[in-house]
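I opened this structure at my desk today with a fresh notebook page. Here is what I looked up, entry by entry.

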Amino acid sequence: MRSLDKVFTIIETLKVHKEARLYEIAQWSGLNKSTAYRILSKLQKKDYVQVNPDSKKYSLGLKFIEIANTQMENFSLIKASKEVIDDLNNRTKETIHLVMVLGEKAIYIDKRESQNPVRMYSRIGLEVPFYCTAVGKAILAAMPEHQREEIMDSIEFIVYTQKTITNQEQLRQEIKVIQKKGFALDNQEMQDNIICIAAAIKDYRSMVVGALSLTLTLYSPNIGDPQSYARLVMDSARKISRNLGHVDKSQGLT
């Protein structure tokens, strides 16, 4: 294994395991302890790795946060969405998520917290399941059929709640509804008491690049009919799409 490969192996190991002691890192990365220690020491000097003085556990350092923040600022999708997300959050007081398509994955890249006391847990950088989240289903519905089918064939249908979609046929039927309505709904499919409404975002090529969602809890003071928020979410997604150069030729939904 080349030196650079060893460095990336350790970084990937810490990415997966969050924090670990030296012998664990060596074991998981397939390196001997002396090699692992030498690489960790160099990374620590550059702030790419930090070590807890009490537990002696290593974790990724602040340098990665600095790099991530810089890269996130450069994402055109985040730039195109910022004012729209702020406006939607201010108008609804609810949690707003922005998701980006990266290959065959969908990742949370931006978020505005609910201004209400009860909130849902989510984290920037977290991968989003396609089949049981509003953003994931909205993205699938907006994809070309061949791309959608490839992703669907790779899905492991894990059951999170009693309402989780459990097979491809259910998902295909739901996608037809989403394509007709223009928005996707997650009615407690991923988490109990959590409802999300989402719409896809397209770029200048008319390719789906992400999705925007609004999240409600059953304890939200303005819960009402969750689908009443759909128009706001779809309008916001269209604005972001226009900011990315998308031209909507259908006179309908982006």
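**Entry 1: the cysteines**

I began with C196, which is buried, with a relative accessible area of 9%. I should say at once that this is a predicted model. C132 is buried too, and its relative accessible area is 0%. Next I wanted to know how many disulfides a search of the whole structure finds. The count came back as zero. For C132, the nearest cysteine sulfur belongs to C196 and sits 10 Å away. Looking from the other end, C196 has the sulfur of C132 as its nearest cysteine sulfur, again at 10 Å. A disulfide needs the two sulfur atoms within 2.5 Å, so neither C132 nor C196 is in one.

**Entry 2: the whole protein**

I stepped back for the overall picture. The secondary structure comes to nine helices and eight strands. The C-alpha atoms fill a box of roughly 65 × 40 × 40 Å along the principal axes. Of the 254 residues, 46% are buried. I also looked at contacts with a sequence separation of 6 or more, and 52% of them are between residues 24 or more positions apart.

**Entry 3: helix α3 and its surroundings**

I picked α3, residues 33-45, for a closer look. This helix has 13 residues and reaches 18 Å from its first C-alpha to its last, close to the 18 Å expected at 1.5 Å a residue. Which residues of α3 are buried? I noted T35, A36, I39, L40, S41 and L43. Their cover includes the helices α1 (3-17) and α2, along with the strands β2 (49-51) and β3 (58-60). After α3 comes D47, with a positive phi near 70 degrees.

**Entry 4: where α2 meets α3**

I then followed α2, residues 22-29, towards α3. The two axes come within 9 Å and cross at roughly 110 degrees. Angles from 65 to 115 degrees count as roughly perpendicular, so that is how α2 and α3 stand to each other. On the α2 side I listed L22, Y23, I25 and A26 as making the contact, and on the α3 side K33, A36, Y37 and L40. Sorting these residues gave me seven nonpolar, no polar and one charged. A36 and L40 also appear in my list of buried α3 residues.

**Entry 5: two positive phi values in loops**

I kept a general point in mind here: most residues other than glycine have a negative phi. Q188 is not a glycine, yet its phi is positive, about 60 degrees. I found Q188 in the loop between β6 (184-187) and β7 (194-202). Is Q188 buried or exposed? It counts as buried, because its relative accessibility is 14%.

S206, also not a glycine, has a positive phi of about 65 degrees. Its place is the loop between β7 and β8 (208-217). At 39% relative accessibility, S206 counts as partly exposed.

**Entry 6: N193**

My last stop was N193, in the loop between β6 and β7. With a relative accessibility of 27%, N193 counts as partly exposed. What does N193 contact, leaving aside its neighbours within four places in sequence? I wrote down Q188, L216, T217, L218 and Y219. One of these, L216, is 23 residues from N193 in sequence and 8.4 Å from it in space, C-alpha to C-alpha. Q188, from my previous entry, lies in the loop between β6 and β7, and N193 is found there as well.

Notes. Residues are numbered from 1 along each chain as its sequence is written. This is a predicted model: local features need pLDDT of at least 70, side-chain atom pairs count only at pLDDT 80 or more; totals for chains, interfaces and linings use all residues. Side-chain values use heavy atoms; hydrogens and water are left out. Axes are lines fitted to C-alpha atoms, for helices over the stretch in contact, and angles run from 0 to 180 degrees between N-to-C directions. Helices (H or I, at least four residues) and strands (E, at least two) are DSSP runs, numbered from the N terminus. Angles under 35 degrees count as roughly parallel, over 145 as roughly antiparallel, 65 to 115 as roughly perpendicular and the rest as oblique. Contact means heavy atoms within 4.5 Å. Ala, Val, Leu, Ile, Met, Phe, Trp, Tyr, Cys and Pro count as nonpolar, Asp, Glu, Lys and Arg as charged, and the others, Gly among them, as polar. Buried means under 20% relative accessible area, exposed over 50%, partly exposed in between (1.4 Å probe, protein chains only). The expected span of a helix is 1.5 Å times one less than its number of residues.
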